[in-house]
Amino acid sequence: MFEQHLLYSQKGGVFLLLLRKFARGVGVFLTKALNDEGYLAGVQIYTDGACSGNPGPGGWGAVLMFGPHKREISGFEANTTNNRMELLAAICALEALTKPCIVDLYSDSAYLVNAWKQGWLAGWQRNGWQTSKKQPVENQDLWQRLLAVSKKHRVTWHKVKGHADNQWNNRCDELAVAEVKSHS
């Protein structure tokens, strides 16, 4: 007998499907997807943001992948900045995960990736959400939201070259731009 374990996205669509086979009452995983600490391993996320004018109407896109499963999500804001769209893409992608995951998140945004890899976020928090020049951190609301959702997962942040030969980054850009065009 097979029992299907489904993880649902915020929009109700199936994102991940794990199969568990029970043999004489003892569960045997067909695939070892969860690590010893209960994190789902092997999730990849690509994100991108776009803005028509900066500020102006903006869109974001993300591709979430786990094994053979792939899900695309996107969104729009009427008056925003490119940096806000880059952040929102990562936030919404991580929020779409319904279980704790080990995630490799890829973005072409140096603003997003360097905040994690170069310790900007830790410094901003230490300084009461002020920059090294004693100015308020821009997009603090989104940074705080991203921090909160990131704590549910183990995220490794990767910088990719934008508008180059990365298939998934290019797809995220298409999703983001399509959101802007569909609302124009």
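Is Cys51 buried, partly exposed or exposed? Select Cys51 to begin the tour: this residue is partly exposed, because its relative accessible area of 21% is not under the 20% that counts as buried. Keep in mind that you are looking at a predicted model.

Now jump to Cys101. With a relative accessible area of 1%, Cys101 is buried. If you fancy hunting for disulfides, save yourself the trouble: a search of the whole structure finds zero.

**The sheet**

Next, colour the strands S6, S5, S4, S7 and S8. In that order, these five strands make up an open sheet with mixed pairing. At the edges you'll find S6 (69-80) and S8 (154-159), each of which pairs on one side only. On average, neighbouring strands in this sheet are turned by 20° against each other, ignoring direction.

Let's walk across the sheet, starting from S8. Its pairing with S7 (residues 101-107) is parallel and runs over six bridges. To see the two strands side by side, select Ser107 and look for Lys159 in S8, standing opposite.

Step over to S4. S4 and S7 also pair in the parallel sense, over six bridges. Click on Val43 and then on Val103 in S7, its bridge partner.

Carry on to S5. Here the pairing with S4 is antiparallel, over nine bridges. Asp48 is a handy marker, as Gly61 in S5 stands opposite. Then follow the chain round the hairpin of S4 and S5, where four residues sit between the strands. Stop at Gly53 in this hairpin, which takes a positive phi near 90°.

**Helices on the sheet**

Bring up helix H2 (residues 110-117). H2 packs on the sheet and touches S4 (40-51), S7 and S8. Its direction makes about 130° with that of S8.

Now show helix H5 (residues 167-182). H5 lies across S4, S5 (56-66) and S6, and runs at about 140° to S5.

**A pair of helices**

For the last stop, select helix H1 (residues 82-95) together with helix H4 (residues 140-150). How far apart are the axes of H1 and H4, and at what angle do the helices pack? The axes are 9 Å apart and the angle is about 25°. An angle under 35 degrees counts as roughly parallel, so H1 and H4 are roughly parallel to each other. H1 passes H4 in a left-handed crossing.

Finally, show the side chains where the two meet. On H1, the contact residues include Leu87, Leu88, Ile91 and Cys92. On H4, look for Leu142, Trp143, Leu146 and Val149 among them.

Methods: Residues numbered from 1 in each chain as written. Predicted model: local features only at pLDDT ≥ 70, side-chain atom pairs only at ≥ 80, totals over all residues. Heavy atoms only, no water. Disulfide = S-S within 2.5 Å. Buried < 20%, exposed > 50% of the residue type's maximum accessible area, 1.4 Å probe, protein only. Pairing = 2+ DSSP bridges. Axes fitted to C-alpha atoms, helices over the stretch in contact; angles between N-to-C directions. Contact = heavy atoms within 4.5 Å. Parallel < 35°, antiparallel > 145°, perpendicular 65-115°, else oblique. Left-handed = near helix turned anticlockwise from the far one by under 90°.
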